[in-house]
Every structure is written in structure tokens, then in C-alpha cells.
Amino acid sequence: MQDQNIASEPQGTFVTFPDSPFELFQPYPPAGDQPTAIQKLVEGVQDGETFQTLLG
């Protein structure tokens, strides 16, 4: 007998970034303070920061 409770594929989008060979699958959009944190991490990478710490 086959299991009738087969999980469906997560819904989401594929995101690409300029100058990056990577593609990111986002099943859930960033929420709360995550967009701000992401932007600050990106700025750190673009500024050449060697180390960054994400608290939370």
C-alpha cells in the first residue's frame, strides 16, 4: 500500500545575485529584521570585510 501523505514540493523562488555564480532557492521570504541584516552582510562583503558576525 502506498503512503497517501506525500509532502509537496516547497514553494519558493530562485534568486540570483550580480557578479555571483550562485543561485539561491528561497522557500520562505526574509521576515522581521532579516532584510536589514542581509543588506548589512552584503555591504560588509562588498567593502572587503574579512570577518563578520551575525548575532541573533
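## Rings, a hairpin and a pocket

Tutor: Let's start with the aromatic rings: by the pairing rule, this chain has 1 aromatic pair.

Student: How do you know which kind of pair the rings of phenylalanine 14 and phenylalanine 25 make?

Tutor: The rings of phenylalanine 14 and phenylalanine 25 have centres 4.9 Å apart and planes at 55 degrees. Rings of Phe, Tyr and Trp (its six-membered ring) pair if their centres lie within 6.5 Å; planes under 30 degrees apart count as stacked, over 60 as edge-to-face and the rest as tilted. The centres pass the distance limit and the angle falls in the remaining class, so the pair is tilted.

Student: Where do these values come from?

Tutor: This is a predicted model, in which local features need pLDDT of at least 70 and side-chain atom pairs count only at pLDDT 80 or more, while totals for chains, interfaces and linings use all residues. Residues are numbered from 1 along each chain as its sequence is written, and side-chain values use heavy atoms, with hydrogens and water left out.

Student: What makes the ring pair a tie between parts of the chain?

Tutor: Phenylalanine 14 lies in strand β1 (residues 13-16) and phenylalanine 25 in strand β2, so the pair ties together parts that are 11 residues apart in sequence. The C-alpha atoms of phenylalanine 14 and phenylalanine 25 are separated by 4.4 Å.

Student: Is phenylalanine 14 buried or exposed? And what about phenylalanine 25: buried, partly exposed or exposed?

Tutor: Buried means under 20% relative accessible area, exposed over 50%, and partly exposed in between (1.4 Å probe, protein chains only). Phenylalanine 14 has 55%, so it is exposed. Phenylalanine 25 has 31%, between the two limits, so it is partly exposed. Across the 56 residues of the chain, 2% count as buried.

Student: How do you know which elements the chain has?

Tutor: Helices (H or I, at least four residues) and strands (E, at least two) are DSSP runs, numbered from the N terminus. Here they come to 1 helix and 2 strands, in the order β-β-α along the sequence.

Student: What makes β1 and β2 a pair of strands?

Tutor: Two strands pair if DSSP finds at least two bridges between them. β1 and β2 are joined by 4 bridges, so they meet that rule, and they run antiparallel. Valine 15 has leucine 24 in β2 as its bridge partner, and threonine 16 has glutamate 23. The two strands form a hairpin with 6 residues between them.

Student: What is unusual about aspartate 19?

Tutor: Most residues other than glycine have a negative phi. Aspartate 19 is not a glycine, yet its phi is positive, about 65 degrees. Aspartate 19 sits in the loop between β1 and β2, and with 85% relative accessibility it counts as exposed.

Student: Which element gives the largest share of the lining of the largest pocket?

Tutor: α1 does, with 3 residues. A pocket is an open set of points on a 1 Å grid over the protein atoms alone, where a 1.4 Å probe fits and protein lies on both sides within 12 Å along at least five of seven lines; lining residues have an atom within 4 Å of a point. β2 (23-26) and α1 (34-46) each supply at least two lining residues, and the lining includes Phe17, Asp19, Leu24 and Val45. The pocket holds about 260 Å³, a volume filled by probe spheres set on the points, which are joined across faces, edges and corners.

Student: Why is leucine 41 called buried, partly exposed or exposed?

Tutor: Leucine 41, in helix α1, has a relative accessible area of 28%, so it is partly exposed. Its C-alpha is 7.4 Å from that of glutamine 52, although the two are 11 residues apart in sequence.

Student: And where is leucine 55?

Tutor: Leucine 55 is in the segment after α1. At 76% relative accessible area, leucine 55 is exposed. Leucine 55 and alanine 37 are 18 residues apart in sequence, with 9.3 Å between their C-alpha atoms.
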